[in-house]
Amino acid sequence: MEMNGSQRVNAPPAKLWAALNDVEVLKACIPGCEQIAKTSDTTMEALVTLRVGPVKASFKGNVSFSDIDPPRGYTIKGEGNGGSNGQAKGTAKVRLEPAGKQTILHYTVTAEVSGKLAQLGARLIDVTAKKLADDFFMKLGDMVAPPTADIIAEREARQWVVIRVFRAIFRFIKRLFGGGRTPSGKPVA
């Protein structure tokens, strides 16, 4: 799966770059992060627990950084093992674009899952992964600097898109399973 997104942050690139490389900031921003430790200038180890649909999994993994171009961006590669729940691996390209006194953080993420997680279906995995990425970058931006009114307005507009997508998926599932009606067409009591 591949995801793209961007997040406007009310801070200059250098300040955001420092946060992207701060272990404590990363621990606070990564959803479900229980532990994270820097093992070298370009590698980290982490323990993250996540719930994806009915599956709750703890992933222990390694993260490496490459294509490092301070304060413009880098590439992050990660691989985690969730035991019987499956494995996950992915790459994220992060690019910081100056925008006046603010920064636009662009990201492109590719990810693969296997095991029980892969059996949940691509749609659920895609929606969950997109939400986790958006949550991470939004929390990171908020930790670096409080959002401005225009940043909040952008987020609210994006939330409505997500809500509409969830409603469309719900309507599809409802129609798929008879729309709340019995096989004879009568409403379920």
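# A walk through a predicted fold

Visitor: In the hairpin of strand 5 and strand 6, which residue takes a positive phi?

Guide: Welcome, and please keep in mind that this is a predicted model. The hairpin of strand 5 and strand 6 has five residues between the strands. One residue of this hairpin has a phi near 65°, a positive value, and that residue is Gly-83.

Visitor: How many bridges join strand 5 to strand 6?

Guide: The two strands run antiparallel. Within this pairing, Tyr-74 stands opposite Val-94 in strand 6. The number of bridges joining strand 5 to strand 6 is nine.

Visitor: And strand 4 and strand 5: over how many bridges do they pair?

Guide: Strand 4, residues 55–69, pairs with strand 5 in the antiparallel sense. The two form a hairpin with three residues between them, and Ser-64 has Lys-77 of strand 5 as its bridge partner. The pairing of strand 4 and strand 5 extends over this many bridges: eight.

Visitor: Which two residues are joined by a cis peptide bond?

Guide: Most peptide bonds are trans, so a cis one is worth a look. Here omega is about -15°. One partner, Pro-71, lies in the loop between strand 4 and strand 5. The cis bond joins Pro-70 and Pro-71.

Visitor: Is Asp-67 buried or exposed?

Guide: Asp-67 is found in strand 4, and its phi is near 50°, a positive value in a residue other than glycine. Most residues other than glycine have a negative phi. For burial, the relative accessible area of Asp-67 is 54%, and over 50% counts as exposed, so the word for Asp-67 is exposed.

Visitor: What kind of aromatic pair do Trp-17 and Tyr-74 make?

Guide: A search of the whole structure finds four aromatic pairs. In the pair of Trp-17 and Tyr-74, the ring centres are 5.1 Å apart and the planes meet at 55°. Planes under 30 degrees apart would count as stacked and planes over 60 as edge-to-face, so this pair is tilted.

Visitor: How many residues apart are Trp-17 and Tyr-74?

Guide: Trp-17 sits in helix 1 and Tyr-74 in strand 5, residues 73–81. The pair therefore links distant parts of the chain. Counted in residues, the separation of Trp-17 and Tyr-74 is 57.

Visitor: Which residues form one aromatic cluster?

Guide: Phe-65 also forms a tilted pair with Tyr-74, with 5.1 Å centre to centre and 55° between the planes. Phe-65 and Tyr-74 are both buried, with Tyr-74 at 3% relative accessibility. Trp-17, at 13%, counts as buried too. The members of the cluster are Trp-17, Phe-65 and Tyr-74.

Visitor: Within what arc do the buried residues of helix 1 fall?

Guide: Helix 1 spans residues 13–20, and its buried residues are Pro-13, Leu-16, Trp-17, Ala-19 and Leu-20. Seen down the axis of helix 1, they line one face of the helix, because they fall within an arc of 160°.

Visitor: What is the relative accessible area of Leu-16?

Guide: Leu-16 lies in helix 1. Leaving out residues up to four places away in sequence, Leu-16 touches Val-9, Leu-96, Thr-103, Leu-105, Leu-140 and Val-144. Leu-16 is buried, and its relative accessible area is 0%.

Visitor: How far apart in space are Leu-16 and Gln-102, C-alpha to C-alpha?

Guide: In sequence, Leu-16 and Gln-102 are 86 residues apart. In space, from C-alpha to C-alpha, the distance is 9.6 Å.

Visitor: Which residues have the most contacts inside the largest nonpolar core?

Guide: In soluble globular proteins, nonpolar side chains tend to be buried together. The largest nonpolar core in this model has 31 residues. The residues with the most contacts inside this core are Leu-105 and Leu-140.

Visitor: Which helix gives the most to this core?

Guide: Several elements each supply at least two residues of the core, among them strand 1, helix 1, helix 2 and strand 7. The top contributor gives six residues. That contributor is helix 4.

Visitor: How far does helix 4 reach from its first C-alpha to its last?

Guide: Helix 4 has 23 residues, and its buried residues include Ile-125, Phe-136, Phe-137 and Leu-140. At 1.5 Å a residue, the expected span is 33 Å, and the model comes close to that value. From first C-alpha to last, helix 4 reaches 33 Å.

Notes. Residues are numbered from 1 along each chain as its sequence is written. This is a predicted model: local features need pLDDT of at least 70, side-chain atom pairs count only at pLDDT 80 or more; totals for chains, interfaces and linings use all residues. Side-chain values use heavy atoms; hydrogens and water are left out. Buried means under 20% relative accessible area, exposed over 50%, partly exposed in between (1.4 Å probe, protein chains only). Helices (H or I, at least four residues) and strands (E, at least two) are DSSP runs, numbered from the N terminus. The arc is that of the directions from the helix axis to the C-beta atoms. Contact means heavy atoms within 4.5 Å. A nonpolar core is a set of buried Ala, Val, Leu, Ile, Met, Phe, Trp, Tyr and Cys residues joined through side-chain atoms within 4.5 Å. The expected span of a helix is 1.5 Å times one less than its number of residues. Rings of Phe, Tyr and Trp (its six-membered ring) pair if their centres lie within 6.5 Å; planes under 30 degrees apart count as stacked, over 60 as edge-to-face and the rest as tilted. Two strands pair if DSSP finds at least two bridges between them.
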